[in-house]
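Thanks, everyone; I would like to spend a few minutes on the aromatic side chains of this protein, and I will put the sequence and structure up before I begin.

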Amino acid sequence: MTRSPARTAHDRAVADLRAQLVARPAGVPIRLAKPTSNLFRFREPPGRAGIDVSAFTGVLDVDTDARTADVGGMTTYEDLVDATLPHGLIPYVVPQLKTITLGGAVAGLGIESTSFRNGMPHESVLDMDVLTPDGEVIHVTPDNEHADLYRGFPNSYGTLGYALRLRIELEQVKPFVRLRHVRFTDAAACAAAIEEICANRTYREEGVDFLDGVMFSRDELYLTLGGYTDTAPQLSDYTGQRIFYRSIRDRMTDHLTIRDYLWRWDTDWFWCSKALGVQNPVVRRLWPRRYLRSDVYRKIIALDRRYQLYARFAKLRKETPPEPVIQDVELPVSQLDAFLDFFTKEIGISPVWLCPLKLRSSWSLYPMDPDQLYVNVGFWATVPLGPGEADGTHNRLIESKVTELGGHKSLYSTSYFDEDEFWSAYDGETYRKLKEAYDPHGRLPDLYSKCVRNQ
């Protein structure tokens with residue numbers, strides 16, 4: 001069988017990468033040289049150059065008949081969507097930020113407004129090639145000899161190996177998305193509506209293909225219901241001066257192209273661009289349109305964290321720097337009202353994102369019940385520290401409450417679990433077996449060391 005030029009180049013890149021990894025001296029940390037990151041665990045830059053994975057940033061093939069795509073693991077969703085959308089197809093779940101990579105979303109989980117019907121990105125992976133820390137490339141499927149790694153790779157965060165190529169399912173789309181913003185005045189009613197919509201995939205006799213929401217306060221919550229449509233009476237544009245999350249309060253219905261819908265949150269990093277002044281009308285007019293992107297804002301934050309600019313400024317003013325509280329948590333829908341009540345009283349961040357989620361099956365390292373409907377609650381801001389309160393106070397409080405309510409916390413940001421609590425929540429017994437099988441020499445840090453100790 002003749003190999004396509006893209007696959008031939010991919011094969012060469014795999015051989016080169018294996019050579020890089022094998023040549024790495026024992027004891028030297030293995031890190032990828034990636035130009036972007038969506039993690040909020042900030043580490044010191046590695047003392048040695050990272051492993052070059054730039055050759056794994058493309059789409060190898062789109063099979064329109066099978067509705068699948070073969071994709072390099074370091075491919076961003078922006079590039080992936082640009083390759084599939086001309087065929088009228090998109091991945092089952094497209095995380096909301098453009099520079100999230102497919103491999104990152106599978107190893108570190110992801111979610112979006114199709115997750116109430118399609119689960120998480122890793123659930124549409126049909127097979128993948130994984131580079132182990134010892135330089136072996138193994139083919140992983142749900143039912144071959146590496147099925148344990150297939151089930152355990154999600155939420156492993158690059159501690160078991162790296163996905164170099166993945167074959168994923170795609171779904172057919174229509175050109176436009178019609179949005180309905182529905183207001184609720186209490187969280188219990190909102191949670192009940194989420195259950196009903198997710199069960200029926202309709203609301204007031206109209207189909208629902210996308211579902212997420214925003215809480216501005218305890219008595220102002222909105223669900224945004226999206227439905228595919230072939231036509232649109234007029235289109236909104238939130239890639240420039242207009243801001244998407246503000247439109248939720250201003251209009252009952254809206255229409256976007258499918259591409260603009262997928263990236264509706266990226267322009268303003270949900271609403272986090274406000275903290276950088278980008279929502280100020282004067283600043284926004286001067287800010288180049290091409291830089292209205294989440295990865296630009298994230299780089300600014302990374303520079304601040306690296307050089308402690310804000311902390312130094314606060315010190316000069318004899319102020320205590322606030323605590324960053326950047327988390328996504330999943331709660332059973334039955335516990336949503338209780339969590340939001342706690343969150344409003346004890347944390348006070350607003351707005352927060354709501355995104356329903358139902359897994360298609362069970363997964364080892366993120367043990368959620370596939371028969372249970374969950375709601376992701378996302379919040380990304382800072383909270384003032386009171387007298388005697390240490391950094392991490394509010395994050396730890398949230399972690400404890402989420403555990404109490406039977407939920408889970410995503411590990412993309414700083415965590416404060418003690419070790420026993422961590423392994424209880426993320427199936428330490430299964431993880432240890434996977435680590436022994438696929439990283440027997442411990443060339444990569446384990447999950448607790450990476451996600452909590454920040455190694």
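Are Phe-244 and Trp-265 buried or exposed? Both Phe-244 and Trp-265 are buried, and please keep in mind throughout that this is a predicted model.

Let me stay with those two residues for a moment. The model holds 26 aromatic pairs, and in the one formed by Phe-244 and Trp-265 the ring centres are 5.0 Å apart with the planes at 90°, so the pair counts as edge-to-face, the cut-off for that class being over 60 degrees. This pair links distant parts of the chain, since the two residues are 21 residues apart: Phe-244 belongs to helix α7, residues 244-250, whereas Trp-265 lies in the loop between α8 (258-262) and α9 (281-286). Both also belong to one aromatic cluster, whose other members include Tyr-238, Tyr-245, Phe-270 and Trp-353.

For another geometry, please look at Phe-422 and Tyr-426, which form a tilted pair, with 4.9 Å from centre to centre and 45° between the planes; Phe-422 and Tyr-426 are likewise buried.

Rings also meet charges here. The charged end of Arg-264 sits over the ring of Tyr-261, 4.0 Å from the ring centre, and the charged end of Arg-117 sits over the ring of Phe-210, at 5.9 Å from its centre.

Finally, to the surface: Tyr-307, in helix α10 (residues 294-307), is partly exposed, with a relative accessible area of 40%. Together with Leu-303 and Leu-309, Tyr-307 makes a nonpolar surface patch of about 300 Å².

Conventions:
Residues numbered from 1 in each chain as written. Predicted model: local features only at pLDDT ≥ 70, side-chain atom pairs only at ≥ 80, totals over all residues. Heavy atoms only, no water. Patch = residues over 30% accessible without salt bridge, like charges linked within 9 Å, V, L, I, M, F, W, Y side chains within 5 Å. Areas by Shrake-Rupley, 256 points an atom, 1.4 Å probe, with all protein chains shown as cover. Salt bridge = Lys/Arg side-chain N within 4 Å of Asp/Glu carboxyl O. Helix = DSSP H or I, 4+ residues; strand = E, 2+ residues; numbered from the N terminus. Buried < 20%, exposed > 50% of the residue type's maximum accessible area, 1.4 Å probe, protein only. Phe/Tyr/Trp six-rings, centres within 6.5 Å; stacked < 30°, edge-to-face > 60°. Lys NZ or Arg CZ within 6 Å of the ring centre and 35° of its normal.
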